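Trainee: Could we look for empty space inside this protein together? I would like to learn how to reason about it.

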Amino acid sequence: MAERGQLPSPSKRLCCRPGYGLGCRLGYRVGGTGLSSGMLCAGSPPAAAAVAAAAAPPPPPLGGLLLGKTQSPESLLDIAARKVAEKWPFQRVEERFERIPEPVQRRIVYWSFPRGEREICMYSSFNPGAEDAAPGGSTVGTAPSGGADTTAENRLPFRRGIALLDGGCVDNVLQVGAPDPTAGASTDDENCWHLDEEQVQEQVKLFLSQGGYHGSGKQLNLLFAKVREMLKMRDSNGARMLTLITEQFMADPRLLLWRQQGTAMTDKYRQLWDELGALWMCIVLNPHCKLEQKASWLKQLKKWNSVDVCPWEDGNHGNELPNLTNALPQGANANQDSSNRPHRTVFTRAIEACDLHWQDSHLQHIICSDLYTNYCYHDNTENSVFDSHGWPLWHEHVPTACARVDALRSHGYSREALRLAIAIVNTLRRQQQKQLEMFQAQKKELLHKGVTSITNLEGWVGHPLDPIGTLFISLMEACRVDDESFHGFSDFTENMGQCKSLEYQHLPAHKFLEEGESYLMLAVEVALIGLGQQRIMPDGLYAQEKVCRNEEQLISKLQEIELDDTLVKIFRKQAVFLLEAGPYSGLGELIHRESVPMHTFAKYLFTSLLPHDAELAYKTALRAMRLLVLESTAPSGDMPRPHHIASVVPNRYPRWFTLSHIESQQCELASTMLTAAKGDVRRLETVLESIQKNIHSSSHIFKLAQDAFKIATLMDSLPDITLLKVSLELGLQVMRMTLSTLNWRRREMVRWLVTCATEIGVYALDSIMQNWFTLFTPTEATSIVATTVMSNSTIVRLHLDCHQQEKLASSARTLALQCAMKDPQNCALSALTLCEKDHIAFETAYQIVLDAATTGMNYSQLFTIARYMEHRGYPMRAYKLATLAMTHLNLSYNQDTHPAINDVLWACALSHSLGKNELAAIIPLVVKSVKCATVLSDILRRCTLTTPGIVGLHGKRNSSKLMSLEKAPLRQLLDATIGAYINTTHSRLTHISPRHYSEFIEFLSKARETFLMAHDGHIQFTQFIDNLKQIYKGKKKLMMLVRERFG
C-alpha cells in the first residue's frame, strides 16, 4: 500500500493498547455502566461509526469461556488488524495508506475500540470508580442543576446508545457512545481516549460560578478524584485535565474581588485550592514523566505562580520561613525561583518539586526490592541509611518524602509506595528513639533552665502536603487490598530502565517490620507519632484551622479501628515515648511556649488507654492539660538554640485565632477525666488540681463544675460526695475569677454555687458565707446567697433541726450586716429584711442606714427603706428616714412627672398622719426641695382635707380642728406654691408656642384655684394677670385668650 505524505502529530489517543485486546473481549459487558457528564469526544465520523457497527460480530455466549467450550483460533486477518489497531490509530492508517480493502478496514476499526470497561467509565463519568454503577443508572457525576443539564446528558452518545439498546432498536452492538477510536495516537502514548477539553472547562466554570451552592464543591472534588483515577491508570490526560481545571480556577473573578477587599476566601473553596496544589505535586513527581513534560509543567506553574491573585499556601498570611521542602542536595537550587517572592503560593511546592528526581540509588533499591538489607551495616550516625536491623531508611524532609509516596500511589505504583512508606516510618521511629536519647542527655540542664527553644516549625498534621495522612492511608490500603489489585502494576523498575526482579514481586512487604507487626499496627503508630509531634502554632487563621481540622480527621479515622491487644501495645509504647521525649514531643515534660496544644489528641489517647492502663492514660491526659501560651509567667525570650536545631525560629508571638476552639478542647479533655474519675478520690483531686492550674477561662471552668455536679447527682444513684466537692471547688474558683470582672452569666453562677453548696450540706453553706468577701459582691451575698440560705425550701431540703437553723441564720445575719457596712446603698434593705427576727441585729442594721443616710445613700434608697419601715410597723423610723431623704431631693419647676413625686406625697401624708409637729417639721424641707407648682398645690390640698394626726400613734386622735392656711406651717406652703406658679408661668412664657396656648390657659386656671386659697388671693391673681398682659403684650393672641378666660 502506498503511503501518503508526512504523518500528522499524534494529538489524539488510541483506544486499544497491549493488555486490552483479546483477553478482554470475551468477558466484556455490552453497554458498559451508567455514565453522566461527558468528558469524552462527542462521537465518531459517520463512516467510521457505520463501519464499527457493521464490523461488530455477535457477542459470544455469556458463559462461553467459563463452561470450557473450545474457542476457534483467531484468523490471520484478526491478528494483523489487532496489532495494527494497537500500534496506530485508524485515522493515521487512512492518511498514510491508499486503497485499503474494506474487510481489512472493518477489522482494524473493530479492534480500535477499547476492551477495558473501566477506562470507558472513567472517561464517561465524573464519578470515580464508576465501573461499579448500575448499567444505565444515574451517577453522582450528574450535573446538579437539573433540567437543561439532564437533557444535555441524555444527548451524550453513550446515553443515546443505551436508549437504542434498551429499546430493542439495535440487535448487534459492540460499544455505544465511545469516543472516536479511529482518531487516536500511537502505542507509545499513555492515554487511550480523546479528552473533550471544552466540556471540562465549561463544567468547572459552571461549578465555580455557583459559589458553593447546589453541591458544586462536591462536584469539583469528584473532578479531582477523576484526575487521580486517570493518574492511577497512567493516563497522561490526567495532567491535561488538571491543567484545564487550574486554568478555570485561576480565571475565577472572585480571586480579584477577595484580594481587593482584603477578605479571605471561604473555607471549602480554600480546601479545593489545597487539593489542586497537592495534585500538581503528584503530577510533577511522576517517576516516569519525560523531561520535556516536566519542563512544560514547570513553565505553566511558574506562570500561574506569578499572577497577583494566586492564592497563598497559608491563606492570607505570608510564610517567611526558608524553603525546607528540598532537604537533599538534589534540591539545592530550588530556592532561586521562589526566594524573590515574599509569599509561598499553592503552586510553590510543586515548583520546588520539579527539582526532585528518582535517580538516587538508595531510593531505587528501597522502592524496587523487598530484600534490600544490609545486616553488616554498623554506622550509627544520625543520617545512617540502614538501621540496627539492617533495614533501609530514607532521610528526607518528611513532607517531601511522603509526597513521593503519594505520587507513587497516585500513579498506580501501590507496592512501591508501600515500600517507601515503610522505610519512612522506620526512619521516623529511629528518629524518635534518637530524640529521646538526646533529651535524656540534656534533661538535667533543660529542666534547670525551665525553658526551651527546641521546636518544629513545620508540623506534619495540618501540613499542605498532609504527610501523616498519606502514610496512614497507604498503610491502611495495604491492610485491605488483595494481592491481584495491589500488584496490578508491576512495571516500575522496567520503566525506570533497570533490571526487573520478578522473583521479588511475590514477597511480602512486611519484610522490614518487627516480628508480629502488621501494616495496621504501622499505620496506627505513624498516626500517633504525627499527632504527638511537637510543632509550633502556624500563623494565620486558615493555617490554624487546618491544623485543628486535620487533627480531628486523623483521629476520626483512628476511631474507626477496633483496638486489640497488639494495637494497645502500640498505644502504650507511643504514650511512653511522647511523655519522656521532652521538647521533641508535644507531650514532653518541657516544650516551647507556642507549641500546638495536645488536648484533642490526648483525649483520644486517654479514652483508648483507660480500659487497659489507667495510670498511663491519666498521666498522658494530665500532661496535655497545659496551655502555655496563656501562662503569664512564661518567659519572653528563648535560650540559645542547640546546634542540631535549625536557627530559624522567629521571635514572635502570633495571634492564636483558634484559641477559643483550643480552650473548648481543653475543657472537653478535663470533663472526660472527671467523668472517668468518679468514685476515685485520689484521681479526682489530681484532675481538680490540673483544672485549677491550667484552665484560664471562667466560662469553661463553670461548665466543668456543672458537668461534675450532673455526674455526681445522677438520679439512679446516691450523690458522689467527692465529685460534689470537686464541683464546689470549681465553682468557688469561678467566683474568685469573675468577682472583679464583668460576666453576663455571673448571677447564674452565684445561684448555681448556692445550689451546689446546698447539695453538699450545712457546712458548705456556712463556709461560703464565712468567706463571702472573696467570692461575692455585697449585693450578691445579701440578695442571693443569704436570702436563699434562709429560705424555707433550703431548710426543708437540708432537714435542719432548730439548732442548725439558728446557726445558719446567725451566719446569714452576720453576712448581711457586714455587707450593709460595706455597701449600704445596695445592701441596707436586704440586711434589714434578713435581721427582722433578731432585735439586736435589726437595730444594728437600722443604725447602719442612719449613719450612711447623710453621705452614702440617695433619696430613692432612703424612701424605699422608709416605706419598708412603715410596712413593718415603725412609722416614726419611717418618718425619720423620709426627712433624711427629702434633704437629698431637688425637684425643679418643670419636673411634674418625676418618679420621686409619689414618695414626696407619701412622706407628707405620713407626717400629716403623725401629727402637726411632724407636718410642721417636714413642710420646710418640702418647700426647700420641691419647686414644682403642681406638686406643691397637690400637697397643700391634701393637708387641708383632714386634721393632722387624725389617726396618730397608738390610734389616738391628736386634734379635731383643721389647720389654718393663714398660720404656719401651711401658710409657708401656700406662699411657696403661689410663688412656684408665678415663676413657672414666666418660665413657660419665655419659650411658648401657639400650639401650647390652650394648655397654658388650663395651667393658669389651676394657679387661680391655689391663689384663691389665700384670703387676698383674688387680688393677687388679678394683679398677676395684669402683669402678664403688660409684660407679654406682644403675644397678642395669647393675651386675648387670657382676657377671654380671666378678664
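Mentor: Happily! A cavity is a set of grid points where a 1.4 Å probe fits but cannot get out, and its volume is the space filled by probe spheres set on those points. Keep in mind that this is a predicted model.

Trainee: How many cavities of 30 Å³ or more are there?

Mentor: Rolling a probe the size of a water molecule over the atoms shows where empty space is left. With 30 Å³ as the cut-off, the count is eight cavities.

Trainee: What volume does the largest cavity have?

Mentor: Let us place it before we size it. Its lining has 15 residues, and Gln-432, Gln-435, Ile-529, Gln-533 and Tyr-584 lie nearest the centre. The volume of the largest cavity is about 170 Å³.

Trainee: Which element gives the most residues to that lining?

Mentor: Two elements give two or more residues to the lining of the largest cavity: α19 (414-449) and α25 (565-580). With four residues, the top contributor is α19.

Trainee: How many charged residues are in the lining of the largest cavity?

Mentor: Sort the lining by class. Seven residues are nonpolar and eight are polar. That leaves the charged class, and the number there is none.

Trainee: And which element supplies the largest share of the lining of the second largest cavity?

Mentor: That cavity holds about 100 Å³ of space, and its lining includes Trp-273, Asp-274 and Arg-349. Both α13 (267-284) and α16 (348-353) supply at least two lining residues. The largest share, five residues, comes from α13.

How values were computed:
Residues are numbered from 1 along each chain as its sequence is written. This is a predicted model: local features need pLDDT of at least 70, side-chain atom pairs count only at pLDDT 80 or more; totals for chains, interfaces and linings use all residues. Side-chain values use heavy atoms; hydrogens and water are left out. On a 1 Å grid over the protein atoms alone, a cavity is a set of points where a 1.4 Å probe fits but cannot get out, and a pocket is an open set with protein on both sides within 12 Å along at least five of seven lines; lining residues have an atom within 4 Å of a point. Ala, Val, Leu, Ile, Met, Phe, Trp, Tyr, Cys and Pro count as nonpolar, Asp, Glu, Lys and Arg as charged, and the others, Gly among them, as polar.
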